[in-house]
Amino acid sequence: MAVPITDSAARERIARRIARSFDEQQRELVINLGVGIPTMVADYVTGSDIFVQAENGLLGVGRLAVGDQIDRQLINAGRQPVTETPGCSYFDSATSFGMIRGGHVDATVIGAFQVDEAGNIANWINPSGRQLGVGGAMDLVTGARQVIVGMQHNTRDGRAKLVKRCTMPITGFAEVDLVVTELGMFRFVEGRLVLVEIAPEVSLEELRSLTEARFEASPRLKPMVD
Amino acid sequence: MGRLVAETALAGGNEDGGSMVRDRNKFLSMGEALALIKPGARIMVGGFGLAGYPEGLVEALAASGVGDLTIISNDLGSPGVGLGKLLTNGQIKALIGNYYNWNPEVAEAYHAGRIEVTLIPQGTFAEAIRAAGVGIPAFYTAAAAGTDLAVGKETRAFDGRMCVLERAIPADVALIRAYRADEMGNLVYYKTARNFNPLMAMAAAVTIAEVDEIVPVGELDPESIVTPHIFVQVIIRRNQHGGPDNG
């Protein structure tokens with residue numbers, strides 16, 4: 001790469017681009033944000049008709065709480081203290097996942113260990129790790145109308161995350177609609193992985209060499225701008 | 001099982017119950033409530049992380065040393081904190097739940113063969129508890145279809161989409177947390193402390209609710225009651241474990 005991009009710049013770029021994809025739709029949207037980069041998306045959304053749903057039972061999540069706003073009984077699904085927005089509502093976990101499973105949540109933004117050419121996603125467990133949990137990931141990828149993955153392009157040790165075929169335990173099959181990394185934005189179009197935006201630091205050839213999955217470049221390929 | 005009839009006198013911080021008729025008294029002392037939990041029982045516990053879990057009841061259960069328990073909960077708190085204490089104490093035989101990454105002692109105990117763990121996707125987990133409470137023995141959902149968490153479960157396609165048959169999850173006792181109760185046991189909740197609590201109240205043979213405040217019958221707006229009193233058998237007011245709601 002001509003200009004290397006730092007971890008924090010990469011994460012910010014991904015979150016900003018996903019936020020912009022919501023603002024660009026210019027309509028009322030209900031979105032659910034996973035932990036990590038996805039949570040950051042809320043900081044960049046500007047549209048007032050975008051409602052953040054937290055699966056632990058809140059529609060209308062506000063900013064992260066600071067100082068005396070912090071209430072231990074008011075948290076998001078990542079256990080972070082949050083604030084309310086006007087018109088927010090609370091409900092039990094079955095109602096919350098009813099919203100998700102019932103197709104009432106427009107988009108889920110989640111991280112991933114791997115996404116493959118078929119739109120399969122692996123993000124719930126690293127079998128070599130010491131973790132034991134699934135959370136709402138499987139419900140979210142099957143239930144939300146749109147599945148948006150925000151993740152860094154490769155792992156810290158340089159292994160591909162956009163792969164030919166997931167080798168880690170699958171969360172959902174052919175569920176991914178959009179993948180945003182710091183190097184590009186990819187859409188699944190009729191089952192094919194298509195690059196629609198490319199970061200200024202890389203050429204198309206460099207991006208192919210940094211990506212295990214095979215992808216098409218859109219005829220209307222655009223630069224990815226912050 | 002019908003309403004739990006308690007003959008006991010009021011005790012231990014339950015002075016609010018004075019106006020109750022004796023044979024409908026739902027106000028027990030912590031000790032009397034804990035006596036309802038037998039070794040080997042299936043216990044549901046409300047809460048998401050440390051929000052909305054019945055802190056006083058969990059502390060008392062940890063202190064009681066009752067063992068061989070199956071704990072049905074979203075997570076297991078943090079190591080040595082909240083429900084995590086039950087694991088540290090060796091009181092747990094099995095876990096049914098969805099997210100134990102906040103407490104790495106769970107994976108450790110599981111890999112060492114000390115406990116059984118059944119992982120269920122969060123939405124399926126919530127719905128399975130609700131199902132148990134409303135008399136639905138099983139239901140189909142697309143979540144987890146084809147994944148490692150569906151192994152051994154029946155599957156069926158609906159409208160071209162593969163679904164998994166999930167069984168309802170009932171329990172012997174539910175330990176829940178609510179904000180306010182009236183003297184009959186009608187409950188309202190507080191912000192994201194609600195989570196699994198209203199579902200678990202319906203799904204157990206005996207539901208013990210730990211509440212911050214108890215008010216006279218008629219004081220709660222009937223339109224705002226989330227859990228009607230028929231789902232609550234025992235009410236415990238938060239005492240020295242509780243403090244203010246945000247404490």
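This is a tour of a predicted model, going from the contact between chains A and B to the sheet of chain A.

**Stop 1: the contact between the chains**

Select chains A and B together. Their contact draws 31 residues from chain A and 42 residues from chain B. On the chain A side, two helices each supply at least two residues: α3 (93–101) and α4 (137–143). Colour α3(A) separately, since this helix is the next stop. With five residues, α3(A) gives the most to the side of chain A that touches chain B. Colouring that side by residue class shows 13 nonpolar, ten polar and eight charged residues.

**Stop 2: the helix pair across the contact**

Keep α3(A) and add helix α5 of chain B, residues 122–133. The two axes come within 8 Å and cross at roughly 125°. Angles over 115 and up to 145 degrees fall in the oblique class, and α3(A) and α5(B) are therefore oblique to each other. The crossing of α3(A) past α5(B) is left-handed.

Now show side chains. From α3(A), select S93(A), A94(A), F97(A), I100(A) and R101(A); these meet Q122(B), G123(B), A126(B), E127(B) and R130(B) of α5(B). Sorted by class, this helix contact has four nonpolar, three polar and three charged residues.

**Stop 3: chain B as a whole**

Hide chain A for a moment. Chain B has six helices and eleven strands. Its 247 residues include 51% that count as buried. Of the chain B contacts between residues at least 6 apart in sequence, 69% join residues at least 24 apart.

**Stop 4: the sheet of chain A**

Bring chain A back and hide chain B. Select the strands in the order β4-β3-β2-β1-β5-β8-β10-β11-β12-β13, which make up an open ten-stranded sheet with mixed pairing. Which strands stand at the edges? They are β4 (82–90) and β13 (216–223) of chain A; each has a single partner strand, so one side of each is left without a neighbour in the sheet. On average, neighbouring strands are turned by 30° against each other, direction ignored.

Next, turn to helix α2 of chain A, residues 37–44, which packs on the sheet. The strands α2 touches are β1 (29–33), β2 (50–54), β5 (107–110) and β8 (146–150) of chain A. The direction of α2 makes about 140° with that of β1(A).

**Stop 5: one strand pair**

Finish on β11 (residues 184–189) and β12 (residues 192–198) of chain A, which pair in the antiparallel sense over six bridges. Within this pair, select M185(A): opposite stands E197(A) in β12(A).

Technical notes:
Residues numbered from 1 in each chain as written. Chains lettered and ligands numbered in written order. Predicted model: local features only at pLDDT ≥ 70, side-chain atom pairs only at ≥ 80, totals over all residues. Contact = placed C-beta atoms within 7 Å. Helix = DSSP H or I, 4+ residues; strand = E, 2+ residues; numbered from the N terminus. Nonpolar A, V, L, I, M, F, W, Y, C, P; charged D, E, K, R; others polar. Buried ≥ 20, exposed ≤ 12 C-beta atoms within 10 Å, placed from the backbone. Axes fitted to C-alpha atoms, helices over the stretch in contact; angles between N-to-C directions. Parallel < 35°, antiparallel > 145°, perpendicular 65-115°, else oblique. Left-handed = near helix turned anticlockwise from the far one by under 90°. Pairing = 2+ DSSP bridges.
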